[in-house]
Amino acid sequence: MSRYLDRAKKVRGRTDVHHNCAQGVLAAFAKDLGVDEETAFRVGANFGSGMRMGGTCGAVTGALMVLGMAGAGDRPDGIDFLRRARSGHDGCLDCKDLLRMNMETGTPQKEHCDGMVYEMVELTEQILKEKGILE
């Protein structure tokens, strides 16, 4: 398991406080981006639940923020990330659609959301390695 995935699992596994999906992704990379975890939590606070209105999944927006902060914020990088993220979800990246599709499978919401965080952390790490930003 990568250190990023391990960090995301620690954040999502906390029972003393809830951190949304965007916060989970941001916090996983915060240390290596020169940001403290508390700042990552504050930055991502309003991006959970699809920006609090069912829009783009918080795990996706958190990953896009990480890519930008890491220097992979050019248009082709974001488009590549979104293409790859959509491929595993029938083209959907909106929280409301992902949750609806998940409800049809009977998977508990927390398990689904945790899975989205972990998937986006892994995809972000993969793209940053491919760009030579991470070793």
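Reader: Why is Arg14 called partly exposed?

Author: In this predicted model, Arg14 has a relative accessible area of 33%. Partly exposed covers values between under 20%, which is buried, and over 50%, which is exposed. The value of 33% lies in between, and therefore Arg14 is called partly exposed.

Reader: What makes Asp16 count as exposed?

Author: Asp16 has a relative accessibility of 59%. Exposed means over 50%, so Asp16 meets the cut-off.

Reader: How do you know that Arg14 and Asp16 meet in a salt bridge?

Author: Their side chains have an N to O distance of 2.8 Å. A salt bridge requires a side-chain nitrogen of Lys or Arg within 4 Å of a carboxyl oxygen of Asp or Glu, so this pair qualifies.

Reader: Why is Arg84 called buried?

Author: The relative accessible area of Arg84 is 18%. Buried means under 20%, and therefore the term applies to Arg84.

Reader: What makes the contact of Glu130 and Arg84 a salt bridge?

Author: The N to O distance is 3.0 Å, and the limit is within 4 Å, so the contact counts as a salt bridge. The pair links distant parts of the chain: Glu130 belongs to helix α8 and Arg84 to helix α6, 46 residues apart. Shared partners also join Asp80, Arg83, Arg84 and Glu130 into one network of salt bridges.

Reader: How do you know that Arg3 forms a salt bridge with Asp32?

Author: The closest N and O atoms of Arg3 and Asp32 are 3.1 Å apart. This is within 4 Å, so the pair forms a salt bridge. Arg3 lies in helix α1, whereas Asp32 lies in the loop between α2 and α3.

Conventions. Residues numbered from 1 in each chain as written. Predicted model: local features only at pLDDT ≥ 70, side-chain atom pairs only at ≥ 80, totals over all residues. Heavy atoms only, no water. Helix = DSSP H or I, 4+ residues; strand = E, 2+ residues; numbered from the N terminus. Buried < 20%, exposed > 50% of the residue type's maximum accessible area, 1.4 Å probe, protein only.
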